[in-house]
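Work through the exercises below with the sequence and the three-dimensional model side by side. Each task is followed by a solution that proceeds step by step.

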Amino acid sequence: MPRPTGRVLTLLELLQSGGTRTVAELADRLGVEGRTVRRYVNQLIDLDVPVESVRGRYGGYRLAPGYRLPPLMLSDDEALAVLLGLVAGRRAGLTTTQHTASETASAKIRRVLPKHIARRLDTLLETLAFTDRPAEFDTPDAGVLLAIADAVRHRRPVSIRYTDRDGRRSERTLHAYGIVAHGGRWYVTGADVRIGEERTFRLDRIADARILPGSFDEPAGPGPVQRVLSGFATAEYRHEVTLRIHGTVEQIRARLPVGVASLEEYPPVAGEDLASERWLRVELRVERLDWLPPTLASLDRPFVIERPDELRDLVIELADRLASSARRA
C-alpha cells in the first residue's frame, strides 16, 4: 500500500495535469475516502502549494496560479521530452538572453532523474547528431518577450525602444498582432502607430517593452506568420529581381519559399488545370545575387530573367563553368 506521503505527491501530480478534479475522482485515483482527500489537500496548502476549492455541481480542487512554483513532478517520458526540447531550443536559437537558464533547468531535471533514465538520456545525447551547425543568434530579453506576448493576448498597445540594423534607436508605439519564431529568431509583427503602417521587428533588438492603456482591434487579413513572411519577401534590399518560371506553385516554393519570394499567378485560360505547370511571375528583393543561379538550376524548370541584367550574366557564367567541367576528361 502506498504511504500517505506518496499519496499526497500523487495528488499533487494529478492536480498539476490541469483542470478541476472532483473529490470523488481524486478519492478513486488515490484509493482513499473523500475526507482523506480533503486532509491531503490541507497538507499541500500547508506546504504553500496554491490549491483552491471550486464550489458547485462540477466543483472540486484545482491548482491556482501563485507566486511560487509548486513542486513539479514529471514522468520519465515527460522529463525526456523537456530535456530534448531544451537541447533543440538552444540549437535553434529560440532562447532568452539568460543563456544559462536552459542549462540550469536541464541540470535540475537531470539531478533528480532515476539513474537508469539519466544513463539512457546521456546515451541518446551522445549519439544524437544534427544536420546543421548550432545557431549563434542574438536572443531577446525574457521580460520583453513576455510583455509583448501579454500585449498581443489582450490587444493592448505597447511602447518599445528599438535599434534597427543600422544602429538607429527610436521609441515606437506598436499594435502587436503576434509573435513569430522564424529561422532561429523571434519577431513581432503589428502596426507602427506613428507611421500608420505594418512593420515586423526583431525581438532581440527591442531594449524595453511597456504596455500602454487602451486597446485595439486586429484588422482582417493574413495571420501573423503570413504577415512576417510577406514582409521578408518585400523588404528593401539592394537588388530587385523579377523572373518568369514555368512550373507548379509547389515546384517553385520548394526552392523559393514565401519568406524569400512573392509569387503571382497569371489568370488561367479556359479549361486550364490550376495544379498544372504554367508560367508564373516571381519577384525577390535580395542583398546578393550569387546564390540565385544555383537555386534556379536546382529548380530544373524553364525560366526567363526579366531583371536585373547582372543576374543574367551570373547565370551564363555558371552555365559556362558547368559546361567546362563536364567536358574535362
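**Exercise 1.** Determine which residues Leu14 touches, leaving aside those up to four places away in sequence, and decide whether Leu14 is buried or exposed.

*Solution.* Begin by placing the residue in this predicted model: Leu14 lies in helix H1, which spans residues 4-16. Next, list its partners beyond four places in sequence, which are Arg21, Leu26, Arg29 and Leu30. For one of these partners, Leu30, the separation from Leu14 is 16 residues in sequence, while the C-alpha to C-alpha distance is 9.8 Å. Finally, compare the relative accessibility of Leu14 with the cut-off: the value is 8%, and buried means under 20%, so Leu14 counts as buried.

**Exercise 2.** Find the residues that form a patch of negative charge on the surface, and state which helix supplies the largest share of the patch.

*Solution.* The patch brings together Glu13, Asp76, Asp77 and Glu78. Assigning the members to secondary structure, one finds that helix H4, residues 76-92, contributes the largest share with three residues, whereas Glu13 belongs to helix H1. The relative accessible area of Glu13 is 35%; because this value falls between the limits of 20% for buried and 50% for exposed, Glu13 is classed as partly exposed.

**Exercise 3.** Locate Arg155 and Asp300, and work out what is notable about the phi of Arg155 and that of Asp300.

*Solution.* Start from the general expectation that most residues other than glycine have a negative phi. Arg155, in the loop between helix H7 (142-154) and strand S3 (158-163), has instead a positive phi near 55°, and its relative accessible area of 24% makes it partly exposed. Asp300, placed in the loop between helix H10 (292-299) and strand S11, likewise is not a glycine and has a positive phi of about 55°. With a relative accessible area of 63%, Asp300 is exposed, since the cut-off for that class is over 50%.

**Exercise 4.** Which geometry, cis or trans, does the peptide bond from Arg307 to Pro308 adopt?

*Solution.* Most peptide bonds are trans. For the bond from Arg307 to Pro308, however, omega is near 0°, and the bond is therefore cis. Pro308 itself is found in the loop between strand S11 (303-307) and helix H11 (309-327).

**Exercise 5.** Describe the protein as a whole in terms of its secondary structure and its contacts.

*Solution.* Count the elements, which gives 11 helices and 11 strands. Then take the contacts with a separation of 6 or more, of which 61% join residues 24 or more positions apart.

Technical notes. Residues numbered from 1 in each chain as written. Predicted model: local features only at pLDDT ≥ 70, side-chain atom pairs only at ≥ 80, totals over all residues. Heavy atoms only, no water. Helix = DSSP H or I, 4+ residues; strand = E, 2+ residues; numbered from the N terminus. Contact = heavy atoms within 4.5 Å. Patch = residues over 30% accessible without salt bridge, like charges linked within 9 Å, V, L, I, M, F, W, Y side chains within 5 Å. Areas by Shrake-Rupley, 256 points an atom, 1.4 Å probe, with all protein chains shown as cover. Salt bridge = Lys/Arg side-chain N within 4 Å of Asp/Glu carboxyl O. Lys, Arg positive; Asp, Glu negative; His and termini not counted. Charge placed at Lys NZ, Arg CZ, Asp CG, Glu CD. Buried < 20%, exposed > 50% of the residue type's maximum accessible area, 1.4 Å probe, protein only.
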